[in-house]
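Please open the model in your viewer and keep the selection tool at hand. The stops below are meant to be followed in order, with a pause at each to turn the view.

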Amino acid sequence: MRNLIYKLIKLDLSNLNLLEKKYYIFCISIFDHFLTENEYINADLVSYNDAKKSVRKKMLFNKIENKFIFIYTYLFKISKANVIAIIDNKPIRIKSFNNYMYLLDNVLKEKRLYIFIYPLLGCFTITGYDLTHQFFVKKNKFILKKQIEILANKTKLNII
């Protein structure tokens with residue numbers, strides 16, 4: 001397993017052709033498409049930073065945050081709490097659900113971004129800006145891909 005984790009750390013994430021041969025790759029986002037620069041500038045809410053000064057935006061952000069937490073909690077549970085976070089290119093085993101939620105809170109508020117690896121599931125996620133996260137699910141895990149998509153649809157998040 002350690003070898004697999006180090007392979008993921010060294011994986012060239014910019015080489016989509018290679019990745020697409022091994023993984024289903026999709027994003028989950030509050031948006032239904034990737035934003036253009038103009039759309040980003042004019043959007044009402046694209047990050048936690050936008051919500052800090054407005055009660056209405058803060059409430060909206062909390063609803064969005066809970067949608068992502070729902071999906072990530074599901075992954076934590078079905079992975080039997082076997083999750084590794086890549087922080088500064090170092091693998092760190094998540095010690096508890098509380099530790100996982102702490103990291104997830106940081107991610108959703110864009111304090112730090114991580115890669116979460118779920119070795120037993122054959123998938124990993126790259127957390128991202130603009131409330132858009134990238135999911136990589138091994139090609140032989142089609143049912144897991146569908147389960148994640150169903151959760152995204154159930155929470156009214158978009159798959160792009």
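What follows is a tour of a predicted model, going from the sheet to the helices and then to the cores.

**The sheet**

Begin by selecting the strands, of which seven form an open sheet in the order β3-β2-β4-β5-β6-β1-β7, with antiparallel pairing. At the edges stand β3 (90-93) and β7 (158-159), and because each has a single partner strand, one side of each is left without a neighbour in the sheet.

Next select strand β1, residues 23-29, which is joined to β6 by seven bridges, the two running antiparallel. Along this pair you can find Phe 26 opposite Phe 135 in β6, and Ile 28 with His 133 of β6 as its bridge partner. Now look from β1 towards β7, where two bridges join the strands, again in an antiparallel arrangement, and where Ser 29 stands opposite Asn 158. Six of the seven residues of β1 are buried, so this strand is largely enclosed by the rest of the structure.

**Helices across the sheet**

Add helix α5 (55-78) to the selection, and you will see that α5 lies across β1, β4, β5 (123-126) and β6, running at about 25° to β6. Then add helix α7, residues 142-154, which lies across β1, β5, β6 and β7 and runs at about 10° to β1.

**Helix α6**

Move on to helix α6, residues 97-108, where a simple check of length is possible: at 1.5 Å a residue its 12 residues should span 16 Å, and the end C-alpha atoms are 16 Å apart, which agrees. Colour Tyr 100, Leu 103, Leu 104, Asn 106, Val 107 and Leu 108, since these residues of α6 are buried. The buried residues of α6 pack against α4 (48-51), α5, β2 (84-87), β4 (115-118) and β6 (132-138). Just after the helix, stop at Glu 110, which takes a positive phi of about 55°.

Is Asn 106, within α6, buried or exposed? With a relative accessible area of 8%, Asn 106 falls under the 20% cut-off and is therefore buried. Leaving aside neighbours within four places in sequence, Asn 106 is in contact with Lys 111, Arg 112 and Tyr 114. For a distance to display, choose the C-alpha atoms of Asn 106 and Thr 127, which are 21 residues apart along the chain and separated by 10 Å.

**The cores**

Now return to Tyr 100 and show its surroundings: beyond neighbours within four places in sequence, Tyr 100 is in contact with Tyr 72, Thr 73, Leu 75, Phe 76, Val 83, Ile 94, Phe 116 and Tyr 118.

Which residues touch the most other members of the largest nonpolar core? Of its 36 residues, they are Ile 28, Tyr 100, Phe 116, Tyr 118 and Ile 148. The elements giving two or more residues to this core are β1, α4, α5, β2, α6, β4, β6 and α7, and α5 gives the most, with eight residues. Apart from this core lies another, of nine residues, and for the last stop you can select some of its members, among them Tyr 23, Phe 124, Ile 126 and Phe 136. As general background to both views, nonpolar side chains tend to be buried together in soluble globular proteins.

How values were computed. Residues are numbered from 1 along each chain as its sequence is written. This is a predicted model: local features need pLDDT of at least 70, side-chain atom pairs count only at pLDDT 80 or more; totals for chains, interfaces and linings use all residues. Side-chain values use heavy atoms; hydrogens and water are left out. Helices (H or I, at least four residues) and strands (E, at least two) are DSSP runs, numbered from the N terminus. The expected span of a helix is 1.5 Å times one less than its number of residues. Buried means under 20% relative accessible area, exposed over 50%, partly exposed in between (1.4 Å probe, protein chains only). Contact means heavy atoms within 4.5 Å. Two strands pair if DSSP finds at least two bridges between them. Axes are lines fitted to C-alpha atoms, for helices over the stretch in contact, and angles run from 0 to 180 degrees between N-to-C directions. A nonpolar core is a set of buried Ala, Val, Leu, Ile, Met, Phe, Trp, Tyr and Cys residues joined through side-chain atoms within 4.5 Å.
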